[in-house]
Amino acid sequence: MTAWKIFSETGYEIRYLFRHSDRIELHFVESGTFQVETEDQKFTATAGTTFMLLSHGFIGLRASRDARKIALAIPRALCLPLIDVTDEDPELFFGRFDRMADIADKGVRTLYRMADLLLEPDDHLFAGSPLGASLFKEAIVATFVQSWPRSAAKATPQTARPRNLKRALDWIRAHLGEEFTVLDIARNAGQSVRGLQMSFRQNLGMNPLSYVQRLRLQQIHHDLLHGNADENISDIAARWGFSHMGYFAARYRALYGVSPSSTRTGRHR
């Protein structure tokens, strides 16, 4: 997670490739204007507004004289644990977020203040505490996912899952605890491997095996929180396809930010 501040007396213009699978950017405009051009829209953000960069492709930004903003980049991977991908496609979830909002909006204002604190690491309660800094970033992610303005009306017909993709997802869920390959998924979905991979990338923002791993980790997370508290973690992991505990623990920590044993300990608090 990164925050930065930009001020330009003369104005500037930049263009860069934005990889939507990596992060989401929030830009809080404090003064001046920013003309923004993405692959699918153009708009102007004025002082007191916030704009979100979400779409994959080239981004063009043109800042006016005396333009000032604070920006916050949130890794998508940190958001995914708060989204149940068994019921909600991440791309559909993020797609309902408003691309522009007023800084005065309650949730947006909180994020703005949090981003400002990240720029002043010595001036807040978590200064000098790695654990506190980690918890603070978790709070930023939770605030963003739960409080950013959105509209259910944005779930347009074009976001419906293609029929072959739905067959693939249904088959994966039915065989999640078994060993299978991408070819197995493609055959049962009536697609080529390449077609399946493209469909997953376009609709879910990840490849099929990453999706399978995400579901399995979510099942393990659920079992650690709500399953038999006496069952060995290694047995739970093996039930959902992880035979190497070191690899499993690393992937689990990467997704949830804590170890599997910490998750289990947390259920008793």
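Partly exposed here means a relative accessible area between the buried limit of under 20% and the exposed limit of over 50%. These close-ups come from a predicted model.

**View 1. Glutamate 231 pairs up with arginine 239.** The two side chains form a salt bridge, with 2.4 Å from N to O. Glutamate 231 has 22% relative accessibility, so it falls in the partly exposed class. Arginine 239 is partly exposed too, at 36%.

**View 2. A salt bridge joins two strands, β7 and β2.** Look for arginine 62 and glutamate 13, whose closest N and O atoms sit 3.3 Å apart. Arginine 62 belongs to strand β7 (residues 57–63) and glutamate 13 to strand β2 (residues 12–18), so this pair ties together parts that are 49 residues apart in sequence. Glutamate 13 is exposed, with a relative accessible area of 57%, while arginine 62 is partly exposed at 42%.

**View 3. Lysine 166 and aspartate 170 meet along helix α5.** Their salt bridge spans 3.0 Å, N to O. The two residues are four apart in the helix, which means about one helical turn separates them. Both count as partly exposed: lysine 166 at 46% and aspartate 170 at 36%. Zoom out a little and Arg173 joins Lys166 and Asp170 in a network of salt bridges.

**View 4. Leucine 169 is a buried residue of helix α5.** The helix covers residues 163–174, and leucine 169 has a relative accessible area of 0%. Its C-alpha atom lies 8.5 Å from that of alanine 189, a residue 20 positions away along the chain.

Note on methods: Residues numbered from 1 in each chain as written. Predicted model: local features only at pLDDT ≥ 70, side-chain atom pairs only at ≥ 80, totals over all residues. Heavy atoms only, no water. Buried < 20%, exposed > 50% of the residue type's maximum accessible area, 1.4 Å probe, protein only. Salt bridge = Lys/Arg side-chain N within 4 Å of Asp/Glu carboxyl O.
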